[in-house]
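Grab a pencil and work through these exercises with the model open beside you. Each task comes with a solution that goes step by step.

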Amino acid sequence: MILITSTIRGTDNVLGTPIGNLLVSAGMFCWSFYYVFSSKISKYYSPLTIIFYNFVISLILALVLVVLGGSWRNLNLSHIPSSAWLSIIYVGIFSSAAYFYVNQWLIKHTSAFISSLQNYPAALVASILGIIFFKEKLTPNLVVAATLILTGVFLATSYNYLINKVSKS
């Protein structure tokens, strides 16, 4: 439904545009495919090997898009301060490499489903950090969403355990 619905004139664009919704849907499909495919290949390769090839392929695609887009023409690397370079390195190591390594490790040692569940608490943690560091507001919607997220992850990861425990009692 959201995919088909577009902007209502005169109000905020809360449902997006059809092309934007199609891109988001395509991204969700690709991300789901990544989880399932990497679950299959994790039987043969280590998490480090998988993320290495993941990053190499992503780098190649990004470079092709940069060249095709022409955005590199106006780029002057000497004007980028050292603090920005350190930030890029930090984000590359901790927000990308560490995240994908833990993600691949979870896929290898649990399942693609269990590994995908770590995305939901991550959004919650990002919201909490936004409140702490960027003075964002704690709203009733955030409290309800946090409750639903934590309940959903708890039930998804422990439902079979709880059923088995209750049936044995």
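Buried means under 20% relative accessible area, exposed means over 50%, and partly exposed is anything in between, computed with a 1.4 Å probe and protein chains only. You're looking at a predicted model, so local features need pLDDT of at least 70 and side-chain atom pairs count only at pLDDT 80 or more, while totals for chains, interfaces and linings use all residues. Residues are numbered from 1 along each chain as its sequence is written, and side-chain values use heavy atoms, with hydrogens and water left out.

**Exercise 1. Classify the ring pair Tyr 34 and Tyr 35, and say whether each residue is buried or exposed.**

Step 1: get the rule. Rings of Phe, Tyr and Trp (its six-membered ring) pair if their centres lie within 6.5 Å; planes under 30 degrees apart are stacked, over 60 edge-to-face, and the rest tilted. The structure holds nine such aromatic pairs.

Step 2: apply the rule. The ring centres of Tyr 34 and Tyr 35 are 6.1 Å apart and the planes sit at 70 degrees, so this pair is edge-to-face.

Step 3: check the cover. Tyr 34 has 16% relative accessibility, so it counts as buried. Tyr 35 has 4%, so it is buried too.

**Exercise 2. Do the same for Phe 55 and Phe 100, then place the pair in the chain.**

Step 1: the centres of these two rings, Phe 55 and Phe 100, are 5.8 Å apart with planes at 85 degrees, so call the pair edge-to-face.

Step 2: find the helices, which are DSSP runs (H or I, at least four residues; strands are E, at least two) numbered from the N terminus. Phe 55 belongs to helix H2 (residues 47-69) and Phe 100 to helix H3 (residues 82-109), so the pair links distant parts of the chain, 45 residues apart.

Step 3: compare the cover. Phe 55 is partly exposed at 32%, whereas Phe 100 is buried at 17%.

Step 4: put the rings together. Trp 31, Tyr 34, Tyr 35, Phe 55, Tyr 99 and Phe 100 make up one aromatic cluster.

**Exercise 3. Which residues form a nonpolar patch on the surface?**

Step 1: set the criteria. Patch residues have over 30% relative accessible area and no salt bridge; like charges are joined within 9 Å, and nonpolar side chains (Val, Leu, Ile, Met, Phe, Trp, Tyr) within 5 Å. A salt bridge puts a side-chain nitrogen of Lys or Arg within 4 Å of a carboxyl oxygen of Asp or Glu. Areas come from the Shrake-Rupley method with a 1.4 Å probe, and for residues only the protein chains shown count as cover.

Step 2: list the members. They are Phe 52, Tyr 53, Val 56, Ile 57, Ile 60, Leu 61, Val 64, Leu 65 and Leu 68, with about 930 Å² of accessible area together.

Step 3: locate one of them. Tyr 53 is in helix H2.

**Exercise 4. Test the length of helix H6, and find where H6 bends.**

Step 1: the expected span is 1.5 Å times one less than the number of residues. With 29 residues (140-168), H6 should span 42 Å, and its end C-alpha atoms are 39 Å apart, which agrees.

Step 2: a bend is the angle between axes fitted to the seven residues ending at a residue and the seven starting there. H6 bends by about 60 degrees at Ser 158.

Step 3: look for cover along H6. Its buried residues are Leu 142, Ala 146, Val 153 and Ser 158.

**Exercise 5. What is the phi of Lys 135, and where is Lys 135 found?**

Step 1: Lys 135 isn't a glycine, yet its phi is positive, about 55 degrees.

Step 2: Lys 135 is found in the loop between helix H5 (119-134) and H6. At 68% relative accessible area, Lys 135 is exposed.

Step 3: Leu 138 lies in the loop between H5 and H6, and Leu 138 is exposed at 60%.
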